[in-house]
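Me: Please take a close look at a single part of this model, the surroundings of the ligand. I am new to this structure, so give each term its cut-offs.

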Amino acid sequence: TFIPTDSTQQTRGVRLDKRTKRAAKMDAKTFADTEFTHLIVGGGTAGLALAGRLSEVQSYTVGVLEAGPSGVGDPINDIPGMFGANLASKYNWNLTTTTSESGAPAIAWPRGKVLGGSSVLNFLVWDRSASVEYDAWEQLGNPGWNWKNLYKYLKKSEEFHTPSADDAKKLHIQPNAANYGDKGPIQVSYPRYISEQVQRWIPALQSLGIQRNNEPLAGKNVGASVQPSNINPNNSTRSYSTAYVIPHEQRKNLHIVTEATVSKIVLEKSGAEQKATAVEFYVNGQKYTVKTSNQVIVSAGSVHTPQILELSGIGAKSVLDKAGVKQLVDLPGVGENLQDHTYTSAAYEIKEGIATLDSLRNNETFAAQQQKAYQSNQTSILDETVPSIAYLSLKELVGDDKAAQLQSEAKDYVNKSTSTYKYVLEKQLDFLTKYPDTVGQMEMIAIDGYFATSGAPETNKNYVTFLAAQQHLLSRGHVHINSSDVNTAPVISPNYFDAPFDLDISTAGTEYMRKIANSSAYADQYITKEVLPGDVDIKNYTLKTFTTEYHPIGTASMLPRAKGGVVDPSLKVYGTCNVRVVDASVIPIHISAHIQNTVYGVAEYAADIIKGLQK
Ligand SMILES: Cc1cc2nc3c(=O)[nH]c(=O)nc-3n(C[C@H](O)[C@H](O)[C@H](O)COP(=O)(O)OP(=O)(O)OC[C@H]3O[C@@H](n4cnc5c(N)ncnc54)[C@H](O)[C@@H]3O)c2cc1C
């Protein structure tokens, strides 16, 4: 009843040419004429997960409005080794930040504008943080939102596939299937193409004193590992949030409209609160209104969720006045407490004759062979993603003395803070002081090819790129509307490197990549030359070439209202009786992990709250 394109993702092998087109799309008018119990704004990562789970209840009617088109079955989204390619496509909102006062430049902020949202754009790293980082959510005032509960929901979203003994040996890992779920919609496996680079990863980190971590997704993620990706091993395709709905397209109580942009939630006074009665949306320039009998759930992601709340009159008076929107709920936390991860990159030229993802660009014959292998479901470099991951504590990154110095820099910054969110920063300090060895402060990654944020690869050269990603930035930013028009992008001000600690630790991350490159596992018969950073000032290089790790959170934080919160622990927006937010924006404090699995976990948890199965 709802999917506007083919539904072959689950079953098709890799016969990209033979797709069945499905025409059963619900048109905007029929959708607007239907009254839904649950209206979901944004069919992205969390939105579709929630839609799949809520429509299990037959008495619910679930409607989803997604601004982007369907990209189901499009090879640019499905082929794992093409990660990153769809950033330059119609599936990206193409947002840009402001510059920051620290001198950090404006940077691109990709976000998925497609059925499946950013789960279609992401680089397929499947990851979880240390348990104490999830426990911090509960300690900030959210009963139930702790590791024990969340772990159950993180696992509920996945079906894990154990690698063969041979592959595990090559990767230097021994994963434990008990750490993963086995019945969820998202397929999780190891890329079946194993590059030279990946095989050198764990030995390289071990030679630098970093312990191997065989169980990085079980609540202790510090150490070096090779991690799984959200890949369906049957056909080596991206497994993403459409997997929550495609198998259920026969459900009569689930309807999705794509290319439908929601412009506001219609609110009505109900006692002391505001009640959502409908949602306004546009399709092809035509305005529609659709009613809800129960609730509206905003799942538009960390940039657009605050935009929609503000356009609906929920937010700070100063912001709404400036944009010409009448305030209905005074909620100054909307769009605030923005937190992100950043990374810098280092590129190294490698020995001739070793294939990398660069070879697809450099060598037409190789590219054709690999394409053919992929199409016939054989191992191909197009199966490859980003599995080489390590989380380092501050001490591992910089040694004892510098760690003590950086720690006191962090404390100074927090002590001087006058922010509403100072207490969140104080909780974050615990990660450095109470759990210095169990919470990762810096993530190191290796990618098989040229993926640096600056410079350009030379023709016929192959590379390895290292990334150093800061996990617990003290700097906080915000996202706000500056217009009452939904088509004007909200202003994203991340305020990167406001805290000197952030630039100092990120600079240390940049330096550490050189250590990895110089380790014998990489230096021996593999790397031939450093291309980036090269002979430059490393701190300035860090400031000028960093980028986002694409993990913004916090802009509709689950925190007490008096402390800058936007939603309560049941994810209900303060001041309303039936508007919820379910997506990355509710996460109140960052975690040292790529966040898609956590976003699915939040949606799984939320579904049980809405169904009354959780308080
Ligand atoms: C380039 C990139 C790489 C990443 N790599 C990884 C990775 O390797 N591993 C990992 O774990 N995480 C990764 N992430 C992060 C992760 O994918 C996201 O954090 C997560 O998908 C966000 O989910 P969400 O539900 O909050 O938002 P989204 O999935 O972005 O969903 C929001 C949806 O709302 C829709 N929407 C917005 N406004 C409107 C409107 N007005 N009307 C209707 N619909 C609207 C959007 O089009 C979108 O579909 C990456 C992200 C990006 C962008």
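Reply: α9 gives the most residues to the shell around the ligand, with 4. This is a predicted model, in which local features need pLDDT of at least 70, side-chain atom pairs count only at pLDDT 80 or more, and totals for chains, interfaces and linings use all residues. Residues are numbered from 1 along each chain as its sequence is written. Helices (H or I, at least four residues) and strands (E, at least two) are DSSP runs, numbered from the N terminus.

The ligand is surrounded by 43 residues, each with its C-beta atom, placed from the backbone, within 6 Å of the ligand. Gly42, Gly44, Gly117, Gly301 and His594 are the closest. Two or more residues of the shell come from each of α2 (45–54), α4 (118–121), β11 (261–270), α9 (301–311) and α19 (596–610). By class, the shell holds 18 nonpolar, 20 polar and 5 charged residues. Here Ala, Val, Leu, Ile, Met, Phe, Trp, Tyr, Cys and Pro count as nonpolar, Asp, Glu, Lys and Arg as charged, and the others, Gly among them, as polar.

One of these elements, α19, also packs with helix α6 (residues 147–156) at an angle of about 105°, the axes being 8 Å apart. Axes are lines fitted to C-alpha atoms, for helices over the stretch in contact, and angles run from 0 to 180 degrees between N-to-C directions. The two helices, α6 and α19, are therefore roughly perpendicular to each other (65 to 115 degrees; under 35 is roughly parallel, over 145 roughly antiparallel, the rest oblique).
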